[in-house]
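Take a look at the structure below. Then follow the text from one part to the next.

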Amino acid sequence: MLRYTLRRLLQLLGVVLVLSMLIFGWLRALPGGPVSALLGERGTEEGRRELTAQLGLDQPIFVQYGKFLGRALSGDFGMSTGVQPGDAAVEIFLQRFPATVELSAFAIVLAVLFGIPLGYLAARRRGGWLDNLGVVGSLVGVAVPVFFLAFLLKYLFAVQLGWLPASGRQTGGLEATRVTGFFVLDGLLTREWDAALDALAHLVLPAMALATIPFAVIFRITRAAVLDVLDEDYVRTAESKGLTTDVIRRRHVLRNAMLPVVTTIGLQTGALLAGAVLTEKVFAFPGLGEALALGFERRDYPVLQLLIVMAAMVYVLVNLVVDLSYAVIDPRVRTR
Amino acid sequence: MTGSVSRSGARPPLLGGRKERLDALAASSGKGDAGVSLAASAWRRLRRNPVFLVGAAIIVLFVVVALLSPWLAAHDPSARLLEGQVSRARNEIPPAQEGFPLGGDQVGRDLLSRLLVGSQQTLMVGVFATVIGLAGGLVLGTLAGALGGWVDSLVMRVVDVMLSIPSLLLAFSIGALFPRPSQFTVILAVATVQIPIFARLLRGSMLAQRGSDHVLAARALGVRPRAIVFRHMLPNSLGPVIVQATLVLAVAIIDAAALSFLGLGNPDDSIPEWGQMLGGAQNVIDSHPSLAFWPAGCIIVVALGFTLVGESMRDALDPKNRR
């Protein structure tokens, strides 16, 4: 188990290294470049050359990469050139990381909280109204572009009804003590209930938009997995042994159905950042996704490099956790 | 259907032709659908599946509209016929009126004509992105699965790295790669993301078949390796690939819209495309939601159509559901 974990972590290192190289080269190939982004159309030839030299962009690409790697190992990923010009890329990451984690966690909790029970119920009453509604709903949910759904929610609940805030992480002018950077958690820790509630209210709409696809996928996988397990011989055996329905459902059906569901939750969690790019942009939510969207727009290499590598790392790590959690759920995996 | 021992119910004739004997043998080994191929039995189930029929109807309608749109559209989609009714200052767009049932867009072009003609480009984006993704995946997956060894390792490491970035994020990054975004760069960005997925699918299927009886039989008969791969292994992998391609068509259309939304789409909107229309409407969505609702509605319905067909085909091809 330990050896397996170590081997996977070593693989992760390889993936990150190759990826950082690819992204480095790739982003250099981006047109425009930070020089044009910083100077705009007005820059003189002189000014351009100076800034290019200053940013080190005139050196051969492998020299640039070597320097980048050396500095990266000591925690220096360069200065932002477009998202928040002058700030260190790491600073931007650390500042925005809690916002996106908070949003993603809320979204995935929503998706799991609704997806698994509904999927389970749909499977138990296969062909019933809940099943049909759920299946149709999950198919439609996947077909709706995330950003359009975000707009729809914002238009309905923020613009038309005015129930929830339309943008940002907290109401302007609100005084709140910051401890962790997770606004809801901060409010709870410092007992500033109104601040916690305010932060939560700002999370609801973006989290709902972000949760749709994970919800739809988790619902369908849970339903399919439970249907599969209900067909198994061991469930019939358990029934004929006279076990109570409750025990059969919990120990035999749910537990066995959970394997594919856990994988799906992991994959969906890892992929949330892509949805966050769109959702955060719609709600002007100051997280990593918004920084990425701005980074693409303004060709901010240092920020993009850091954020994409980080996104990949989180994705790979989440998958590792998923694989390890198999062993907890299914003892058979441990012996292999 | 019940299996029968042989067609005539008697033992196969000893001195009959080889063909008859083989037929009898094939019939006797059939447990469920005797003598019916998986594809045929899948089709039989699909024909009666309302989910498939609804999806197929949507797709047929979409394709017909796309092909006939130049004749269906009442106006030139790029002509600013209602420009006089557009007011930036008062934030007004042309309302629905005689000859313009959906009104005009932010620069006074007929919305209905743009939606109709837009289906063409949307179909093109979906089809080309899928075909490019499929072709790339087909080459990589077949190489990896058929050759094995270091080729397999190399291809799969590249695929792993590509899969280690969430797909939409990868598409955004690729979309941002080009100096001037265009319809082509959108297609390429959306397609590249699908390559590793198709590659994995094909490799898995190839690997599973390498040790299977029909491949062993072909090898024992002395069939050349290339023929084994192309005549025996590849056709057997096509089922899941076709299913995946149908689903990817939906994803491609949605992803293209997301790229447009991020400003990575085709900036030239003289030839309309739904994703681009939706992305372009984001700035006026609060005052004129209809400009976003129509293209979004079209995208959702079409994406749903492809998803319904893909999902029902997946179910139908699943041997577990063969009854």
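How far apart do the end C-alpha atoms of residues 123-151 of chain B lie, and how much of the span is helix? The end C-alpha atoms are 35 Å apart. The span is 97% helix and 0% strand. Keep in mind that this is a predicted model.

Residues 123-151 have a label in a record. UniProt, in an unreviewed entry, gives chain B the feature "transmembrane region" at several places. They are residues 51-73, 123-151, 158-178, 184-202, 241-264 and 292-313. Try residues 292-313 next. Here the chain is 100% helix and 0% strand. The end C-alpha atoms of residues 292-313 are 32 Å apart.

Now turn to chain A. Its secondary structure comes to 14 helices and zero strands. Read along the sequence, the pattern is α-α-α-α-α-α-α-α-α-α-α-α-α-α. Chain A has 336 residues, and 46% of them are buried. Look next at its contacts between residues with a separation of 6 or more. Of these, 72% join residues 24 or more positions apart. The accessible surface of chain A is about 16,800 Å². Carbon and sulfur atoms hold 64% of that surface.

One residue shows what buried looks like. Find A:Thr264 in helix 11 of chain A, which covers residues 245-282. Is A:Thr264 buried or exposed? Its relative accessibility is 8%, so A:Thr264 counts as buried. The cut-off for buried is under 20%. Leave aside residues up to four places away in sequence, and A:Thr264 touches A:Val217, A:Ile218 and A:Ile221.

Next come the charged pairs. Over all chains, the count is six salt bridges. In one of them, the side chains of A:Arg223 and A:Asp131 meet, with N to O at 2.5 Å. A:Arg223 lies in helix 9 of chain A (residues 193-230), and A:Asp131 lies in helix 6 of chain A (residues 129-143). The partners are 92 residues apart in sequence, so the pair ties together distant parts of the sequence. Are these partners buried or exposed? A:Arg223 is buried, because its relative accessible area is 17%. A:Asp131 is buried too, because its relative accessibility is 2%.

Chain B has a salt bridge between B:Arg203 and B:Asp152, with N to O at 2.6 Å. B:Arg203 sits in helix 7 of chain B (residues 183-210), and B:Asp152 sits in helix 5 of chain B (residues 149-163). This pair therefore ties together parts that are 51 residues apart in sequence. B:Asp152 is buried, with a relative accessible area of 11%.

Another pair in chain B is B:Glu311 and B:Arg314. Their side chains meet in a salt bridge, with N to O at 3.8 Å. Why are B:Glu311 and B:Arg314 separated by about one helical turn? Because they are three residues apart in helix 11 of chain B (residues 290-317). B:Glu311 is buried, with a relative accessible area of 15%. B:Arg314 is partly exposed, at 41%.

B:Glu311 also leads us to the other chain. A:Arg220 forms a salt bridge with B:Glu311, and the closest N and O atoms are 2.4 Å apart. A:Arg220, B:Glu311 and B:Arg314 are thus linked in a network of salt bridges. How many salt bridges does the rule find across the interface of chain B and chain A? It finds one. Two residue pairs are in polar contact between the chains, both at pLDDT 80 or more.

Which elements of chain B give two or more residues to the side that touches chain A? They are helix 5, helix 6 (167-175), helix 9 (225-261) and helix 11. Helix 11 of chain B gives the largest share, ten residues.

Step back to the whole interface. In contact are 36 residues of chain B and 39 residues of chain A. The size of an interface is often given as the accessible area lost when the parts come together. Chain B and chain A bury about 3,400 Å² between them. Of that area, 81% is on carbon and sulfur atoms.

End with helix 6 of chain B. Eight of its nine residues are buried, so helix 6 is largely enclosed by the rest of the structure. Among the buried residues are B:Leu168, B:Phe172 and B:Gly175.

Note on methods:
Residues are numbered from 1 along each chain as its sequence is written. Chains are lettered from A and ligands numbered from 1 in the order in which they are written. This is a predicted model: local features need pLDDT of at least 70, side-chain atom pairs count only at pLDDT 80 or more; totals for chains, interfaces and linings use all residues. Side-chain values use heavy atoms; hydrogens and water are left out. UniProt positions are given in the numbering used here, feature names are shortened, and annotations may be inferred rather than shown by experiment. Helices (H or I, at least four residues) and strands (E, at least two) are DSSP runs, numbered from the N terminus. Buried means under 20% relative accessible area, exposed over 50%, partly exposed in between (1.4 Å probe, protein chains only). Contact means heavy atoms within 4.5 Å. A salt bridge is a side-chain nitrogen of Lys or Arg within 4 Å of a carboxyl oxygen of Asp or Glu. Accessible areas come from the Shrake-Rupley method with a 1.4 Å probe; for residues, only the protein chains shown count as cover. Buried area is the accessible area (1.4 Å probe) that two parts lose on being put together, summed over both. A polar contact is a pair of N or O atoms within 3.5 Å; within protein, one must be able to donate a hydrogen and the other to accept it, and residues adjacent in sequence count only if both atoms are side-chain atoms.
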